[in-house]
Amino acid sequence: MTLELFLQHFFNALTLGSLYGLIAIGYTMVYGILRLINFAHGDILMLGAYFVFYGTTLFCLPWPVAVVVAILGSALLGVLMDKIAYRPLRSAPRISALISAIAVSFFLESLAVVVFTGLPRPVHQPEWLVSIITIGGARLMPLTLLVPGVTAVLVAALLYVVYHTKPGLAMQAISKDIETTRMLGVSVDKIIALTFAIGSALAAASGIMWALRYPQINPYMGVFPGFKAFIAAVFGGIGSIQGAVVGGLILGFIEIMTVAFFPELSGYRDAFAFILLVVVLLVKPTGLFGEKQEEKI
Amino acid sequence: MNAKPAFNKRDAALTALALAVLYLFLWWADGSMAGALSWSFLPSPLNGYEIQILNLVAVYGILAISLNIIYGFTGMFSLGHAGFMAIGAYVSALCVLSPEQKEIMWIIDEILPPLAALHTPFWFSVILGGVVATIFALFIGIPVLRLGGDYLGIATLGFSEIIRVLIVNATPITNGSLGIKGIPCYTDLFTSFTWLIIVIFCTVRLLNSNFGNVLKAVRDDEIAAQVMGINVFHAKLFSFCLGAFLAGAGGALLGNLLTTIDPKMFTFLLTYNILMIVVAGGLGSITGSIIGSVIITVLLEWLRVVEEPLDLGFIHIPGIPGMRMVVFSVCLLIIILYRREGIMGMREITWNSIGRWFSSLGQSKEDKA
């Protein structure tokens, strides 16, 4: 393999990995706090992409406005989802909340089929994002550089919020012990709603970039990125934001590089992530950055 | 606890009576009663569409019971059902198709020679489908069942997607994404309901046995069960494999009912459908699963109304394709939010409970009088 080709694969992997990482953050934050796999997270990603698509085509909004509207809309949707489907089940067995999450995901997908129709739609890519540039012999789209850049900015902002602000402190506290935090006077429900808002906003951001990078959207586009990002979150250590990003990047590299070096395996690409999950859970269930949890009897 | 015999005479007689009524009904519904007796006063038999729905009820009943064994009775949140069903359906299809049909159908790749010559009876193919699904369950279960709760869900979901990826890529065996068409429609009313009754009978016997108690103990408190000397892992693995066997057999029946199978059929959405039946019927209730499969299957068909254009004379509402899935998912959400235990909860309908119900009806009338 030539260096140019390798560089090209490298940047593709970086793009895919940062998208997985961004989605994984939402999973890891919700799981860290509620111990709930939010199955509907991938569908928020899909809706974010559709919002931008319809914002730019139907309502003729300029791109930046459409992106902001889509992200805010998705954040609101995340909060609503928590309020309707998850909050009533806080004291219920965890599996009930999980089934509720499946129902929400099923609902959003079916609703998208009804509202947006099931046909895949092509996405118009702005010219300046896809005009090929050449760096060190590798032919790249500016988009492949933009995605990791945006991801880095978003992650840095998120880390600041979580580690240097009061709501962030409350999030950390809730993930340690929800009842004690409530007793200390933190309005737990508001913080959880904020968590959903942040996670959904990040999912929408990655959904928009996903739609730009792989320019086609359909109502089920969020399902597989969702599963894989969850696996990335587990790999990185569930509950850890840094872990989610690192896990996402590694998963992106595994997928792209395996196919790049062994093209005959390309048909099995979707299976890699799940094999990785089984291996991680057997060898190191807490993931790369996860804290070991003592099992209480 | 007083030791009751598993079957007393009254229950056996009532069960036999119910079975006789069921088979009489099937005989009539099938249309063969009219042919055999040629009585003119018989109501006309069901049409093909209604027979298809009845068949689906039976097959979904088997699938719901199999998921209920894994999840409702042993407490393992498994989402791999579509995978096991796919295995069963493909194995059965490969068995019942004639060599000539296979030669025509495999156009991407030649079919593997030993498979091309394979030709077995239908009942054998169903069992073989279940057995192959069980073998897969054994391989996936040994590493994965050590995981707890929701991780197991994701891992099994992943397993079923891997099965799908394998089916798409293993063209010499499965014909890839083209799927298999023209499977003989062996699943008629008698076959499907006989399978359902056998499955119900065996499951009820198993769950009322001591081993059934072991499974329920594992579900209710794994650590306590371990302390009592139960080999939790073996119990889980057995339950997982049994569920997989039934799912494989159910998938085989489904394939022979629909006569066409392809990888797109066996996505996670199929698993969600069955999960919906189990949750709606009641986790840990066999009668609940049956009631759930009747209600959900009929509901899904009935909901086609909302997709058809509606003409009220003064107002015309155009049909909305896909709408029934929205209604369906809202139903699931409402059930889980407001009636978490489903229709039956963990209760069962037995001859005893029906008897009590009837006597309570009589009593309340006397009280009023």
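**Exercise 1. In which loop of chain A is the place of A:Thr117? Find the loop, then decide whether the residue is buried, exposed or partly exposed.**

Solution. This is a predicted model, in which local features need pLDDT of at least 70, side-chain atom pairs count only at pLDDT 80 or more, and totals for chains, interfaces and linings use all residues. Residues are numbered from 1 along each chain as its sequence is written, while chains are lettered from A and ligands numbered from 1 in the order in which they are written.

Step 1: A:Thr117 lies in the loop between H4 and strand S1 (121–122) of chain A, where helices (H or I, at least four residues) and strands (E, at least two) are DSSP runs numbered from the N terminus.

Step 2: A residue is buried if 20 or more other C-beta atoms lie within 10 Å of its own, exposed if 12 or fewer, and partly exposed in between, with C-beta atoms placed from the backbone. Because A:Thr117 has 13 C-beta neighbours inside 10 Å, this residue counts as partly exposed.

Step 3: Turning to the backbone, A:Thr117 has a positive phi of about 65° although it is not a glycine.

**Exercise 2. Describe the place, the exposure and the phi of B:Thr259.**

Solution. Step 1: B:Thr259 is in the loop between helix H13 (232–258) and helix H14 (268–281) of chain B.

Step 2: With 15 other C-beta atoms within 10 Å, B:Thr259 is partly exposed.

Step 3: The phi of B:Thr259 is positive, about 65°, although this residue is not a glycine.

**Exercise 3. How are H7(A) and H9(A) oriented to each other, and which residues make their contact?**

Solution. Step 1: The axes of helix H7 (residues 166–176) of chain A and H9(A) come within 10 Å and cross at roughly 100°; such axes are lines fitted to C-alpha atoms, for helices over the stretch in contact, and angles run from 0 to 180 degrees between N-to-C directions.

Step 2: Angles under 35 degrees count as roughly parallel, over 145 as roughly antiparallel, 65 to 115 as roughly perpendicular and the rest as oblique, and H7(A) and H9(A) are therefore roughly perpendicular to each other.

Step 3: H7(A) gives A:Pro167, A:Ala170, A:Met171 and A:Ile174 to the contact, and H9(A) gives A:Val188, A:Ile191, A:Leu194 and A:Thr195, where two residues are in contact if their C-beta atoms, placed from the backbone, lie within 7 Å.

Step 4: By class, this contact of H7(A) with H9(A) has seven nonpolar, one polar and no charged residues, given that Ala, Val, Leu, Ile, Met, Phe, Trp, Tyr, Cys and Pro count as nonpolar, Asp, Glu, Lys and Arg as charged, and the others, Gly among them, as polar.

**Exercise 4. Analyse the crossing of H11(A) and H12(A).**

Solution. Step 1: The axes of helix H11 (residues 241–261) of chain A and H12(A) come within 10 Å, with a crossing angle of roughly 135°.

Step 2: H11(A) and H12(A) are therefore oblique to each other.

Step 3: The contact joins A:Leu251, A:Ile254, A:Glu255, A:Thr258 and A:Val259 of H11(A) with A:Arg269, A:Phe272, A:Ala273 and A:Leu276 of H12(A), and the residues of this contact divide into six nonpolar, one polar and two charged.

**Exercise 5. Is A:Ala233 buried or exposed, and which residues does A:Ala233 touch?**

Solution. Step 1: A:Ala233 is found in helix H10 (residues 223–236) of chain A.

Step 2: Because 35 other C-beta atoms lie within 10 Å, A:Ala233 is buried.

Step 3: Not counting residues up to four places away in sequence, A:Ala233 touches A:Ala24, A:Tyr27, A:Thr28, A:Tyr31, A:Ile238, A:Ala244 and A:Gly247.

Step 4: A:Ala233 and A:Thr28 are 205 residues apart in sequence, yet 5.8 Å apart in space, C-alpha to C-alpha.

**Exercise 6. How many residues does each chain give to the contact of chains A and B, and which elements of chain A take part?**

Solution. Step 1: Chain A gives 31 residues to the contact and chain B gives 33 residues.

Step 2: On the side of chain A that touches chain B, the elements that give two or more residues are helix H4 (94–116) and helix H12 (269–283).

Step 3: H4(A) supplies the largest share of that side, 15 residues.

Step 4: Sorted by class, the side of chain A that touches chain B has 24 nonpolar, five polar and two charged residues.
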